[in-house]
Each structure stands twice: as structure tokens, then as C-alpha cells.
Amino acid sequence: RDHISPKDQTSTNFKTVALVLLVAAAAWAAPQGAYNYQEPQYPDAPAQYTFQWDVKDDYSGNFYGHQEHRDGDDTKGSYYVRLPDTRLMRVDYYVDAYGFHPTVTFEGEAQYPTAPSQGYGKPAPPPSEFYAQPGK
């Protein structure tokens with residue numbers, strides 16, 4: 001039979017004890033019995049919510065918003081935006097089993113800025129005055 005030195009025997013015993021302790025710790029930390037994860041249960045209720053938000057920035061002229069109310073399958077709402085021509089475009093809508101039903105309206109009259117009374121100066125020369133055809 002092979003002879004194991006006391007040093008090798010101590011190392012082997014230490015490894016065995018460490019392995020036994022590791023297995024025991026894992027068994028102790030494991031839940032007793034089967035792990036029983038239960039998926040959260042949510043009531044089967046129709047959707048119900050209301051929201052509204054608006055943005056009005058006088059400096060930039062931005063003015064827009066959205067509001068909506070839903071109770072089960074009944075959904076109604078509107079959104080609006082100030083257009084560059086100063087009109088307010090509003091979209092009122094409802095949603096049913098057949099889809100999205102918008103009604104688009106415009107409030108105000110389109111206004112466009114007038115052209116400056118004086119021109120912007122001499123137009124830029126055509127590109128041919130700046131660039132010469134490369135030599136051959």
C-alpha cells in the first residue's frame with residue numbers, strides 16, 4: 001500500500017472537511033421543501049385612467065398638449081399644437097372596436113410674416129467666379 005505523508009494527509013483532510021462544510025451550508029441555505037414562486041395575480045378589470053399635460057413657452061411660442069380619459073373600452077381624448085402660421089390645430093378623437101377616429105379642427109387665421117422692405121443685399125456671385133476649372 002502507498003504511504004501518504006502526514007502533510008498530504010492533513011491537506012486531504014482539510015479539503016474533505018471544507019467540502020463537507022460547503023455542502024452543509026448550501027443545504028442549510030436552501031429553502032425547506034420546494035421553492036414555491038407564485039406569479040402575481042392581477043384582477044381582470046377593464047383599463048381606467050385619465051391624464052393631461054400641457055406645454056406653453058412664451059419665449060419660443062411653443063404651445064401644445066394632450067389629454068385622454070379611458071374607462072374600459074371607452075377612450076376619448078384630444079391633443080393640440082400651435083402651428084408656425086399661428087393657428088391652433090386640435091385633434092379630438094375617440095377609440096372603439098373599429099379603430100381610432102380623429103376630428104381635426106383649426107382655430108384662428110393663418111398669419112405669415114411680411115417680407116422685409118429692403119433686400120438682403122447683393123446676391124452671391126455664381127460659383128464659376130470662385131472656382132476655376134482644374135488644369136488638365
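A surface patch here is made of residues with over 30% relative accessible area and no salt bridge, and nonpolar side chains are joined within 5 Å. Keep in mind that this is a predicted model.

**Exercise 1. Find the residues that make the nonpolar surface patch of about 310 Å².**

Step 1. List the members: Leu19, Leu22 and Val23.
Step 2. Place one of them. Leucine 19 sits in helix 1, residues 6–29.
Step 3. Check its accessibility. Leucine 19 has a relative accessible area of 53%. The cut-off for exposed is over 50%. Therefore leucine 19 is exposed.

**Exercise 2. Sort the partners of each salt bridge into buried, partly exposed or exposed.**

Step 1. Count. The whole structure holds three salt bridges.
Step 2. Take lysine 56 and aspartate 58, whose closest N and O atoms are 3.9 Å apart. Lysine 56 is exposed at 62%. Aspartate 58 is exposed at 63%.
Step 3. Take aspartate 85 and arginine 87, bridged at 2.9 Å, N to O. Buried means under 20%, so aspartate 85, at 9%, is buried. Arginine 87, at 22%, is partly exposed.
Step 4. Take glutamate 107 and arginine 90, bridged at 3.2 Å, N to O. Glutamate 107 belongs to strand 5 and arginine 90 to strand 4, so this pair ties together parts 17 residues apart in sequence. Glutamate 107 is partly exposed at 36%. Arginine 90 is partly exposed at 23%.

**Exercise 3. Describe the surroundings of lysine 76.**

Step 1. Locate lysine 76: strand 3, residues 74–82.
Step 2. Leave aside neighbours within four places in sequence. Lysine 76 then contacts Glu68, His69, Tyr93 and Tyr94.
Step 3. Compare positions. Lysine 76 and aspartate 96 are 20 residues apart along the chain, with C-alpha atoms separated by 9.3 Å.

How values were computed. Residues are numbered from 1 along each chain as its sequence is written. This is a predicted model: local features need pLDDT of at least 70, side-chain atom pairs count only at pLDDT 80 or more; totals for chains, interfaces and linings use all residues. Side-chain values use heavy atoms; hydrogens and water are left out. Patches are made of residues with over 30% relative accessible area and no salt bridge: like charges are joined within 9 Å, nonpolar side chains (Val, Leu, Ile, Met, Phe, Trp, Tyr) within 5 Å. Accessible areas come from the Shrake-Rupley method with a 1.4 Å probe; for residues, only the protein chains shown count as cover. A salt bridge is a side-chain nitrogen of Lys or Arg within 4 Å of a carboxyl oxygen of Asp or Glu. Helices (H or I, at least four residues) and strands (E, at least two) are DSSP runs, numbered from the N terminus. Buried means under 20% relative accessible area, exposed over 50%, partly exposed in between (1.4 Å probe, protein chains only). Contact means heavy atoms within 4.5 Å.
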